[in-house]
Amino acid sequence: MSTQQVILAARHVHKGFVMGGQKIEVLKGLDLQLLAGETLAILGPSGSGKSTLLGLLAGLETPDSGEIALRGEVLSELDQAALTRYRARYLGIVFQQFHLMRHLSALENVMLPLEIAGQSGRTVRQRAVELLEQVRLGHRLDHYPHQLSGGECQRVAIARALSPEPELILADEPSGNLDQETGEQVMGALFEMVRAQGRSLILVTHNPEQAMRCDRQLHLQHGQLV
Ligand code: ADP
Ligand code: MG
């Protein structure tokens, strides 16, 4: 056993969906432990439940049974307000479809989580500029999402996810909508920031090369991680 701190633990998690009167079991007694500073890749075919799992780990959905604990706090025991605060403080999420705010510039998108966390003033702007420079977008601060390429949008999304210095980054096929070369640039930017800041990462991908950049690889098969 490692003496490192377990930052995230899933125990016997079951999750299913009822569709047209039929129940689909997606996760079937899934267990997972992630250590502080560890990077983990989750691989699995389309439909195997990878996004469902990330949604549960982020507290965006609740398991049918079993429990998920982030830094020792069982998510299903927090009320909605506490859960929102907890998520804002400890989690950074990167989606396949970027989910940037359309009416905000690149800079404003990255400033937003800091403002939500109650920070204000020059330091917020400074920090957002630094993050955008780290993902090599220092020349695109005032561009809006529709004025940016897909790869640029995803790098903004990565800078945004990391801006409040979350301990854990959850990334759901962050290069899934990008061509190979752009995808590699985006993943390079993500790993650089995660490693430089010593964050934990769960990366959902079906690209084995990207998965190999993580400390550990698990496959989602038949509702469990192997
Ligand atoms: P992956 O991300 O691995 O491609 P998902 O987690 O998105 O897989 O989906 C796993 C399975 O659960 C799929 O069969 C999908 O159709 C089903 N599913 C996911 N979300 C819902 C939902 N909200 N309602 C009904 N079925 C869902
Ligand atoms: Mg998915």
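Visitor: Which helix gives the most to the lining of the largest pocket?
Guide: This is a predicted model, where local features need pLDDT of at least 70, side-chain atom pairs count only at pLDDT 80 or more, and totals for chains, interfaces and linings use all residues, while side-chain values use heavy atoms and leave out hydrogens and water. Residues are numbered from 1 along each chain as its sequence is written, with chains lettered from A and ligands numbered from 1 in the order in which they are written. Among the elements that each supply at least two lining residues are strand 6 (91–94), helix 3 (106–116) and helix 5 (150–162) (helices, H or I of at least four residues, and strands, E of at least two, are DSSP runs numbered from the N terminus). The biggest contribution, five residues, comes from helix 2.

Visitor: What is the volume of that largest pocket?
Guide: A pocket is an open set of points on a 1 Å grid over the protein atoms alone, where a 1.4 Å probe fits and protein lies on both sides within 12 Å along at least five of seven lines; lining residues have an atom within 4 Å of a point. Points are joined across faces, edges and corners, and a volume is the space filled by probe spheres set on them. For the largest pocket, that comes to about 610 Å³.

Visitor: How many residues line the largest pocket?
Guide: The ones closest to the pocket's centre are A88, L91, P113, I116 and R160. Counting the whole lining of the largest pocket gives 19.

Visitor: How many of the residues lining the largest pocket are nonpolar?
Guide: Sorting the lining by class leaves three polar and four charged residues to one side. Ala, Val, Leu, Ile, Met, Phe, Trp, Tyr, Cys and Pro count as nonpolar, Asp, Glu, Lys and Arg as charged, and the others, Gly among them, as polar. The nonpolar residues of this lining number 12.

Visitor: What about the second largest pocket, what is its volume?
Guide: The second largest pocket fills about 160 Å³. Of its 15 lining residues, S175, G176, T205, N207 and Q210 are closest to the centre. Helix 6 (180–197) and strand 8 (200–204) each give two or more residues to that lining. So much for the surroundings; the volume you asked for is about 160 Å³.

Visitor: How many polar residues line the second largest pocket?
Guide: Its lining also holds four nonpolar and three charged residues. The polar ones number eight.

Visitor: How many disulfides does the structure hold?
Guide: A disulfide here is a pair of cysteine sulfur atoms within 2.5 Å. The count for this structure is zero.

Visitor: Is C153 buried or exposed?
Guide: Buried means under 20% relative accessible area, exposed over 50%, and partly exposed in between, using a 1.4 Å probe and protein chains only. C214, at 5% relative accessibility, falls on the buried side. C153 has a relative accessible area of 7%, so C153 is buried.

Visitor: How many Å separate the closest N and O atoms of E167 and R71?
Guide: The whole structure has 10 salt bridges, each a side-chain nitrogen of Lys or Arg within 4 Å of a carboxyl oxygen of Asp or Glu. E167 and R71 form one, with a closest N and O separation of 3.2 Å.

Visitor: And how many residues apart are E167 and R71 along the chain?
Guide: E167 sits in the loop between helix 5 and strand 7 (168–172), and R71 in the loop between strand 4 (65–70) and strand 5 (73–74). So the pair links distant parts of the chain, with a gap in residues of 96.

Visitor: Which residue forms a salt bridge with E152?
Guide: The closest N and O atoms of this pair are 3.5 Å apart. E152 lies in helix 5 and its partner in the loop between helix 4 (122–134) and helix 5. At 12% relative accessibility, E152 counts as buried. The partner is R140.

Visitor: Which residue of strand 4 is the bridge partner of R11?
Guide: Strand 1 (residues 6–19) and strand 4 run antiparallel and are joined by five bridges; strands pair if DSSP finds at least two bridges between them. In strand 4, the partner of R11 is E67.

Visitor: Which residue takes a positive phi in the hairpin of strand 4 and strand 5?
Guide: Two bridges join these antiparallel strands, and A69 has V74 as its partner in strand 5. The hairpin has two residues between the strands, and the one with a phi near 50 degrees is R71.
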